[in-house]
Every structure is written in structure tokens, then in C-alpha cells.
Amino acid sequence: RNTTFFAITRPSDISIVLKIMPVNVETQKALMGVVENLGTAKFGLGESETVGVQDIINDNSDNPSYVLLDARSDEERNVSMIAGAITKDDFLVNPDKYKDSTVVCYCTVGYISGACTLELRNQGHLNVKNMGDGALLGYTLHKTSAGVSKPLVKADGSATNDVHTFMDDLAPLAGEGMVGKSFADPPAVLEAANAAIKEKLGV
């Protein structure tokens, strides 16, 4: 297989060129490059406020240590989610229900969920953490690398390899066999998200 190059155009008109090699470790590195370029570090979430993808995957399904919170939009969740995940609205209706659990927010790569994590922690919910390692795309990359062909679920609970990747250029980072969906205008969506984050969090 040939090495592939592609660019991600952001609202700031900065193009990030990612070099994707046909080995999963290089794909993971490229994914983490996207996370860094988006500026997720500005949320100040250290290791103690972050849970790795492998920890999520290894969690005991019969007695899980983590409650996953999908911080994405309805459009994204309608494509697929991690099985058993709740929404931010679900959490806020009754946060006491989850007070004895570690709630782990996730989004496409961990940026929007990083903002969600900080917002909820600022409200006193210190049991809320962010998913690291490239968040949902890191999760699907790990799962497909382990031979799981349909690691997510649709609204009806059926397994699927469809995943919302925010923009088409991120689809190759989701893992072998995953089918990416995207927003019609990703830069506009990201710009609106950044404006909302700045209004809510001042960052």
C-alpha cells in the first residue's frame, strides 16, 4: 500500500498535512497529531482527568468502572455511538445517579469532549473525565486492530462500522473497514463549536 497524504482545512486557514503509514501505530500517531493541532491541551486536563482508550476497552462489561458520555451532536450520534453511552442531557437530568462512577466524555477526537469535561468539572462534577488517545476514532482504531469489524452501535442497538468522523479527511484514521460520515461544512461546525467553547469557558 502506498503512503497517503491529505490536508485538513481549519477555520483559521491552517492546513495540517498528515502522513498516514499502513501500520496502526503510525495511524495512532497521526490521530494524536490532530488532537494536538486542535488545541485540546488548552482545557488543562492532565493524566488524572483523562482515561485511555485501552482502559475503556478493558473495562468489565458486567460491572463497568466507567460510564461513557457522548458529547457529540445529535447528527453525529445518529450515525453511531459506543454501546451504552449516555448524553450530556442524560447526565444533567440526574447527575447524582452517576456520582459513584467515573463518567468519561468522548467525541470524535477528544476536543469537544475535552470542553464538555472541563465545563462539567467546573460545575463540581469532579468524577467526569475526558477520553484520551484520539477519543472515538482512537476507540474504533483499537477495536478494528483487534479484529472487531463493527465496534459501534446504531440507535436501534445493531452493530455497525459506520462512524461520524466530523470531516472526510479523518475517515482513514478510524481504522480498517470503518465507513466515515461527515458534516456538510466541517469548518463552519468547528468555528461555531469554538465560539461556544469560548463563551462558556473563556478559552
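Long-range contacts dominate the count in this predicted model. Of the contacts in the chain with a separation of 6 or more, 64% are between residues 24 or more positions apart.

The chain has 203 residues, and 46% of them are buried. Its exposed surface comes to about 10200 Å². Carbon and sulfur atoms supply 48% of that area. The secondary structure consists of seven helices and 11 strands.

Strand S4, which spans residues 66–70, illustrates the arrangement in detail. Burial is the rule along S4: four of its five residues are buried, and the strand is mostly covered. S4 pairs with two strands described here, S6 and S5. The pairing with S6 (residues 102–106) is parallel and rests on five bridges. Within it, Tyr66 of S4 lies opposite Thr102 of S6. The pairing with S5 (residues 86–87) is parallel as well, with two bridges. Here Asp70 has Thr87 of S5 as its bridge partner.

The link between S4 and S5 involves a helix. Helix H3 (residues 74–79) joins S4 and S5 in a β-α-β unit. The unit is right-handed. S4 thus belongs to this β-α-β unit, and S4 also forms parallel bridges to S6.

Methods: Residues numbered from 1 in each chain as written. Predicted model: local features only at pLDDT ≥ 70, side-chain atom pairs only at ≥ 80, totals over all residues. Heavy atoms only, no water. Buried < 20%, exposed > 50% of the residue type's maximum accessible area, 1.4 Å probe, protein only. Contact = heavy atoms within 4.5 Å. Areas by Shrake-Rupley, 256 points an atom, 1.4 Å probe, with all protein chains shown as cover. Pairing = 2+ DSSP bridges. Right-handed = clockwise from strand over helix to strand, strands pointing away.
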